[in-house]
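Thanks for coming. I will go through one structure today, part by part, and you can follow along on the screen.

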Amino acid sequence: MSLGEGSGKRNGRGGGGGGVAPPPCCLVENCGADLSGCKKYHQRHRVCEVHAKAPVALVEGLRQRFCQQCSRFHELSEFDQTKRSCRRRLAGHNERRRKSSLESQKDGSSRRLKENQFRHLREGNEIGSRGNQNYHIH
Ligand SMILES: [Zn+2]
Ligand SMILES: [Zn+2]
């Protein structure tokens, strides 16, 4: 009986949906190209094929360029001249190289740690044998 009551009730809010995606169109101002027939890459990043390659495009009132590394628009100041990937990404590549050299250093330090542990064990054994001698004399 309580079950029937529950099903009879209806939520006042008709389910916000959320599954409805806005029709894909280019983010660039005054373009508004319909991307429904374009590649999924262009639909996802909401840029038409032309503006993905354009050196300058007006987005949100700013002169920007589509970064092929980040797949998004950056301001022109983020790029070096005519490059299509931003400076930050190019710097990131250099950092990765440094990190790999750091990892090889880490390996060396871990080996040292093991040696230290071994030494510790030996010292412990020596102390133990001395203790035994003392006990014998007593
Ligand atoms: Zn466009
Ligand atoms: Zn970028």
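One term before we start: a residue is called buried when its relative accessible area is under 20%, exposed when that area is over 50%, and partly exposed in between. Please also keep in mind that this is a predicted model.

First, the overall layout. The protein chain has 4 helices and 3 strands. Read from the N terminus, the order of elements is α-α-α-β-β-β-α. The chain has 138 residues, and 15% of them count as buried. As for contacts between residues at least 6 apart in sequence, 18% of them join residues at least 24 apart.

Now the first metal site. Which residues hold the zinc ion that is ligand 1? The protein donors are Cys26, Cys31 and Cys48, each through SG, and His51 through ND1. They lie 1.9 to 2.3 Å from the zinc ion. The angles among the 4 donor atoms run from 100 to 114°, and the site is tetrahedral. Along the sequence, the donor residues of ligand 1 are spaced C-x4-C-x16-C-x2-H.

Are these cysteines buried or exposed? Take cysteine 26: its relative accessibility is 5%, so it counts as buried. Cysteine 48 is at 6% and therefore counts as buried. Cysteine 31 has a relative accessibility of 28%, so it counts as partly exposed.

One residue to look at here is histidine 42, which sits in helix H2, residues 40-45. With a relative accessibility of 7%, histidine 42 counts as buried. What does histidine 42 touch, if we leave aside its neighbours within four places in sequence? The contacts are Leu35, Val47, Cys48, Glu49 and Ala52. One of these, Cys48, is also a donor to the zinc ion that is ligand 1.

On to the sheet. In general, strands of a sheet pair through backbone hydrogen bonds, and the pairing is either parallel or antiparallel. Here we have an open sheet of 3 strands in the order E1-E2-E3, and the pairing is antiparallel. Strand E1, residues 57-59, and strand E3, residues 72-75, are the edge strands, each pairing on one side only. From one strand to the next, the twist averages 60°.

Let us take the two pairings in turn. E1 and E2 pair in the antiparallel sense over 3 bridges. In that pairing, valine 59 stands opposite leucine 62 in E2. The hairpin of E1 and E2 has 2 residues between the strands. Glutamate 60 lies in the loop between E1 and E2, and its phi is near 55°, a positive value in a residue other than glycine. Glutamate 60 has a relative accessibility of 67%, so it counts as exposed.

The second pairing joins strand E2, residues 62-67, to E3 through 4 bridges, and these two strands run antiparallel. Glutamine 64 has glutamate 75 in E3 as its bridge partner. Cysteine 67 is paired with arginine 72 in E3. The hairpin of E2 and E3 has 4 residues between the strands. Serine 71 lies in the loop between E2 and E3. Like glutamate 60 in the other hairpin, serine 71 takes a positive phi near 55°. Is serine 71 buried or exposed? Serine 71 is buried, because its relative accessible area is 16%.

That brings us to the second metal site. The zinc ion that is ligand 2 has as protein donors Cys67 (SG), Cys70 (SG), His74 (NE2) and Cys86 (SG). These lie 2.1 to 2.4 Å from the zinc ion. How are the 4 donor atoms of ligand 2 arranged? The site is tetrahedral, with angles of 103 to 115°. The spacing of the donors along the chain is C-x2-C-x3-H-x11-C.

Some of these donors belong to the sheet we have just seen. Cys67 falls within strand E2, residues 62-67, and His74 falls within strand E3, residues 72-75. Cysteine 67 and histidine 74 are both buried. Cysteine 86 has a relative accessibility of 2%, so it counts as buried too.

A last point about cysteines. In general, a disulfide is a covalent bond between the sulfur atoms of two cysteines. How many disulfides does a search of the whole structure find? The search finds 0.

That is the end of my part.

Methods: Residues are numbered from 1 along each chain as its sequence is written. Chains are lettered from A and ligands numbered from 1 in the order in which they are written. This is a predicted model: local features need pLDDT of at least 70, side-chain atom pairs count only at pLDDT 80 or more; totals for chains, interfaces and linings use all residues. Side-chain values use heavy atoms; hydrogens and water are left out. Two strands pair if DSSP finds at least two bridges between them. Axes are lines fitted to C-alpha atoms, for helices over the stretch in contact, and angles run from 0 to 180 degrees between N-to-C directions. Donors are N, O and S atoms within 2.8 Å of the metal (3.2 Å for Na, K and Ca); water is not among the atoms, so sites may look incomplete. Four donors count as tetrahedral if all angles lie between 85 and 135 degrees; four count as square planar and six as octahedral if opposite donors are over 155 degrees apart and all others between 65 and 115; anything else is irregular. Buried means under 20% relative accessible area, exposed over 50%, partly exposed in between (1.4 Å probe, protein chains only). A disulfide is a pair of cysteine sulfur atoms within 2.5 Å. Contact means heavy atoms within 4.5 Å.
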